Amino acid sequence: MNYELYMKRCIELAKGGEGKVSPNPLVGCVVIDDIGNVITEGYHTKCGFNHAERDALLKTPPDKTEGATLIVNLEPCSHFGKTPPCADLIIERKIKRVVIGMRDVNPIVAGNGIKKLKDAGIEVIEDVLNKECLALNAVFIKNMTQHKTYVAIKTATTLDGKVATSSGSSKWITSALAREEVKTIRNRYDAILTSASTVLADNPTMQHRKKVILDRNLKTDYKNAKIYKEGEIYVFYDSNLTTTYQGPNIKFIPAPVISDKLDIKFILEKLYEEGIMSVLVEAGGHLNGSFIEYADKIYQFIAPKIIGDNNALSAYDYRKVNEISESINFTIEDVKHFSPDILITLTK
Ligand code: AOF
Ligand code: ZN
C-alpha cells in the first residue's frame with residue numbers, strides 16, 4: 001500500500017489547526033480499511049482539545065475500525081496530559097497497523113508511543129513523508145528541542161529587492177492576491193512583530209491576535225495609531241526610558257540597548273517566556289537585518305517590477321559587505337504563484 005497519499009491528507013487536515021493549537025503540534029489522522037477506503041479522519045483542532053487520533057477514532061464506532069490502518073503525521077502519544085494517551089485508544093480499538101510521519105520530539109513521548117503500540121502487537125511503519133512532516137511542525141520542533149521562539153520574516157519586494165522607493169512609497173508592490181496570502185501566513189504565527197518606523201510610516205492595522213512593536217524611543221502614538229486598536233500588544237522599549245502610558249491591551253517591556261539597537265536576543269527570550277512560540281517579522285530593511293541571524297524562515301513575495309533606483313529601500317539593509325562569500329545562505333523550500341507575483345519560502 002502507498003501511504004504517502006494518506007499522509008498528505010493528514011498534513012492537509014493538520015493545517016486546519018493553524019493559529020489554534022500552539023504550543024501543541026499540528027496533527028492530522030486518517031484511518032483506512034484493507035483496500036484503502038477511508039473509514040474516518042480527524043485532526044487536532046485546538047490546544048487542549050482531543051488529539052488527532054482520538055478525534056478521528058471517536059467519530060466512528062469501534063467495530064468499524066477493528067483491524068484498520070491508522071495514518072498520522074506524528075507519533076501517537078503515550079502520556080496522560082490534557083487527554084489520555086492516544087496509543088491506549090489505538091490499542092483498545094484493535095487497530096492493526098499504524099503509519100507515522102515522524103517521531104515525537106516531546107521528551108515525555110519520544111519513542112514511548114511507538115514502543116507501546118509494538119508491545120501490543122501493532123505493526124508500526126515509520127518516516128512516511130518524513131521531510132514534509134518535519135517541515136509542518138518546524139515551530140513545535142524548535143520549541144521542544146531548543147526552548148526558543150521560532151522566527152520568520154515576511155517581505156514583499158520588486159525584482160531588484162526593493163520594498164519602497166527612496167521617498168518611502170510602497171503601496172502596492174504586490175497584488176491583492178499576494179496580500180490576501182499574507183493573512184494566511186500571519187495566522188500560522190502566535191504573534192507578528194514590527195518596528196516603530198513601520199507604524200509611523202504606514203499606520204498599518206496588521207490584524208492579529210498578538211502584536212509586538214519595537215519602539216525603542218517610545219515615539220509611536222499609543223492612543224491613536226491603528227495597530228494598537230486591537231489584539232494583545234507587547235511594546236519593547238529602551239530600559240533607560242520610562243513610560244506612564246497604560247492601555248488595557250498593551251504590555252510595556254523594557255529591554256537593553258546595544259549599539260543603538262534594542263537587544264533582539266533578549267526580546268526573543270522574553271517572547272518565549274510570554275508563551276509566544278512563533279513570531280512573524282513584518283518590517284523594513286533595518287529590522288529585517290537585525291533578525292536575519294535568528295530567522296528560521298523567510299517568506300518573500302516578489303513582484304515582476306523594477307524600481308531601478310539605488311536609493312530605493314532594500315528588504316535587507318544593515319551592513320557593509322565586500323565579498324560574496326560573506327552572504328547569508330538560505331535554502332528554497334517552496335515557490336508558489338500568486339499571479340502576477342510569486343512567493344518564495346526559504347529556510348536556513
Ligand atoms: C497534540 N495534538 O494531535 C497530538 C499530540 O498538552 P497535551 O496533553 O494535549 O499533550 C500535548 C503533547 O501530545 C504534544 O506535545 C505531543 O507530544 C503529543 N501529541 N499533541 O496537541 C495531537 N498527537
Ligand atoms: Zn495523543
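## The loop between E5 and H6

Leucine 129 sits in the loop between E5 and H6. In this predicted model, leucine 129 has a positive phi of about 50°, although it is not a glycine. How much of leucine 129 is accessible? Its relative accessibility is 11%, so leucine 129 counts as buried.

Aspartate 127 belongs to the loop between strand E5 (123-125) and helix H6 (130-136). Its phi is positive too, near 65°, and aspartate 127 is likewise a residue other than glycine. Aspartate 127 has a relative accessible area of 45%, which means that it is partly exposed.

## The chain as a whole

Stepping back from that loop, the chain has eleven helices and 18 strands. Its C-alpha atoms fill a box of roughly 70 × 45 × 35 Å, taken along the principal axes. Of the 348 residues in the chain, 49% are buried.

How do the contacts spread along the sequence? Taking the contacts between residues at least 6 apart in sequence, 64% join residues at least 24 apart.

## The nine-stranded sheet

Which strands build the open sheet, and in what order? Nine strands take part, and you can follow them in the order E11-E10-E9-E8-E14-E6-E15-E18-E17. The pairing in this sheet is mixed. At its edges are strand E11 (250-255) and strand E17 (331-338), each of which pairs on one side only. From one strand to the next, the twist averages 20°.

The edge strand E17 is a good place to look at the pairing in detail. Seven bridges join E17 to strand E18 (residues 341-347), and the two run antiparallel. Along this pair, valine 335 stands opposite isoleucine 344 in E18. The loop between E17 and E18 contains proline 340. The peptide bond leading from serine 339 to proline 340 is cis, with omega near 5°.

A helix also lies across part of the sheet. Helix H8 (residues 176-187) lies across strand E6 (150-157), strand E8 (191-195), strand E14 (278-281), strand E15 (297-302), E17 and E18. Relative to E15, H8 runs at about 165°.

## The zinc ion

Which residues hold the zinc ion (ligand 2) as protein donors? They are His51 through ND1, Cys77 through SG and Cys86 through SG, and they lie 2.0 to 2.3 Å from the ion. Along the sequence, these donor residues are spaced H-x25-C-x8-C. Histidine 51 lies in the loop between strand E2 (38-43) and helix H2 (52-57), while cysteine 77 lies in the loop between strand E3 (69-74) and helix H4 (86-92), so this pair ties together parts that are 26 residues apart in sequence.

Are these two donors buried or exposed? Histidine 51 has 21% relative accessibility, so it counts as partly exposed. Cysteine 77, with a relative accessible area of 4%, is buried.

## Around ligand 1

The surroundings of ligand 1 bring histidine 51 back into the picture. In total, 17 residues surround ligand 1, and the closest are His44, His51, Ala52, Lys82 and Asp104. Histidine 51 therefore appears in two settings, as a zinc donor and as one of the residues closest to ligand 1.

Some polar atoms can be picked out here. An N or O atom in the side chain of histidine 51 is 2.7 Å from an oxygen atom of ligand 1. For asparagine 24, a side-chain N or O atom is 3.0 Å from an oxygen atom of ligand 1. With glutamate 53, the ligand 1 partner is a nitrogen atom, which is 3.4 Å from an N or O atom in the side chain.

## Two more places to visit

Serine 22 and proline 23 are joined by a cis peptide bond, with omega about 10°. Proline 23 is found in the loop between helix H1 (4-14) and strand E1 (28-32).

Asparagine 143 is part of helix H7 (residues 138-146). With 5% relative accessibility, asparagine 143 counts as buried. Which residues does asparagine 143 contact, leaving aside its neighbours within four places in sequence? They are Lys148, Thr149, Tyr150, Tyr272 and Met277.

Definitions and conventions: Residues numbered from 1 in each chain as written. Chains lettered and ligands numbered in written order. Predicted model: local features only at pLDDT ≥ 70, side-chain atom pairs only at ≥ 80, totals over all residues. Heavy atoms only, no water. Donors = N, O, S within 2.8 Å, 3.2 Å for Na, K, Ca; no water. Helix = DSSP H or I, 4+ residues; strand = E, 2+ residues; numbered from the N terminus. Buried < 20%, exposed > 50% of the residue type's maximum accessible area, 1.4 Å probe, protein only. Pairing = 2+ DSSP bridges. Axes fitted to C-alpha atoms, helices over the stretch in contact; angles between N-to-C directions. Contact = heavy atoms within 4.5 Å. Near = heavy atom within 4 Å. Polar contact = N/O pair within 3.5 Å; in protein donor to acceptor, adjacent residues only side chain to side chain.
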